[in-house]
Amino acid sequence: MLIPRALQLFKSNKSYYFIGSIMQYHDIIYEKKGPNSNIALITLNRPKALNSLCDSLIVELMDACKSIDKDPNIGAIVLTGSTKAFAAGADIKEMNQKSFTDCTKERFIERWDIITDIRKPIIAAVNGFALGGGCELAMMCDIIYAGENAKFGQPEIKLGTTPGAGGSQRLVRSVGKSVAMEMVLSGEPINAQQAKEIGLVSKIFPVDKLVEETLKLAQKIAGFSPLIVAMAKEAVNAAYELSLKEGMRFERKGFYATFATSDRKEGMQAFLDKREPRFTNS
Ligand code: CAA
């Protein structure tokens, strides 16, 4: 009943329902967490298909991210899946029907990148499989925390195809050519410990503590000035795309720009006054 609604949203921009503070979707669950309900927790919710990324799920995820980005009360986003799978990749059943013409005409996968336009920080909490598009989705996030059972991989080669949502690009930038090439050409996954060693994930937690620990990080980030957090995120992401010289210039200009904000004044004055800052997002 709800899947057509998701597709309808895509076609007509129709809004979803809210019940209390929870927006109703079908393929994802969106909840507000934290003492001030200022953290968005998005849970991918196709457990029977290991959260494979079908079209309707992507439409819902993009819709949720875009509406959260506009919500001034939300300071950070946590994206997670089930304990067995963060996401096992693009939905192979759905994808199997497509032709080259279909992919080209509908610009298949291209809109997944919208997640990288979200200005609020997004932290992936990855338990279980993060394969193909699932690994790529995690890499679109700003920080990856992993459960001890996490498995990251780009198995597209086994399906006679190649990564399509950043596996051949973001993975190289994240872990370097040799590891990325091995993962893409062998299709073999790496475990959480290996992912931590190569810097793909920043911390590992027991499976049942992962979301809780990720929410703690989100809460910490949400306590800072959202304006400055967005500027800091933009500066780090610029390192992906710019030369060192251009990146340094971009960073410096952003740093100077913080001196035009009330929150920079408040942050430094609070330090000098030996008190907690009261940021106003201005
Ligand atoms: N698409 C659609 N359905 C999927 C799926 C996927 N990517 N991954 C798993 N499923 C489904 C299975 O078909 C199965 O459904 P049924 O019960 O209806 O048969 C269900 O999820 C459970 O899967 P398994 O029985 O296979 O579970 P398992 O524990 O034995 O194996 C697994 C888990 C190793 C993750 C295995 O499911 C698997 O290899 N999945 C495919 C992973 C993959 O190749 N991902 C890349 C997709 S291509 C891509 O993502 C392109 C891109 O860059 C965007």
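Helices (H or I, at least four residues) and strands (E, at least two) are DSSP runs, numbered from the N terminus. The model is predicted: local features need pLDDT of at least 70, side-chain atom pairs count only at pLDDT 80 or more, and totals for chains, interfaces and linings use all residues. Residues are numbered from 1 along each chain as its sequence is written, and side-chain values use heavy atoms, with hydrogens and water left out.

The ligand was examined first. A residue is near the ligand if one of its heavy atoms lies within 4 Å of it. There are 25 residues around the ligand, and Lys 84, Ile 92, Gly 133, Glu 136 and Glu 156 come nearest. By class, 14 residues of this shell are nonpolar, five are polar and six are charged. Here Ala, Val, Leu, Ile, Met, Phe, Trp, Tyr, Cys and Pro count as nonpolar; Asp, Glu, Lys and Arg count as charged; the others, Gly among them, count as polar.

Polar contacts (pairs of N or O atoms within 3.5 Å; within protein, one must be able to donate a hydrogen and the other to accept it, and residues adjacent in sequence count only if both atoms are side-chain atoms) were then listed. The side chain of Lys 84 has an N or O atom 2.8 Å from an oxygen atom of the ligand. For the side chain of Lys 93, the corresponding distance to a ligand oxygen is 3.4 Å. Gly 133 takes part through its backbone, with a polar atom 2.8 Å from a ligand oxygen. The protein buries 64% of the 990 Å² that the ligand exposes when taken alone. These areas come from the Shrake-Rupley method with a 1.4 Å probe; for residues, only the protein chains shown count as cover. Helix 3 (92–95), strand 8 (129–131) and helix 5 (133–140) each give two or more residues to the shell. Helix 3 supplies the largest share, three residues.

Helix 12 spans residues 262–273. Its twelve residues reach 16 Å from first C-alpha to last, close to the 16 Å expected at 1.5 Å a residue. The expected span is 1.5 Å times one less than the number of residues. Asp 263, Arg 264, Glu 266 and Ala 270 are buried in helix 12. They lie on the same side of helix 12, because they cover an arc of only 165 degrees around the axis. The arc is that of the directions from the helix axis to the C-beta atoms.

Asn 281 lies in the segment after helix 12. Its phi is positive, near 60 degrees, although Asn 281 is a residue other than glycine. Asn 281 counts as partly exposed, at 37% relative accessibility. Buried means under 20% relative accessible area, exposed over 50%, and partly exposed in between (1.4 Å probe, protein chains only).
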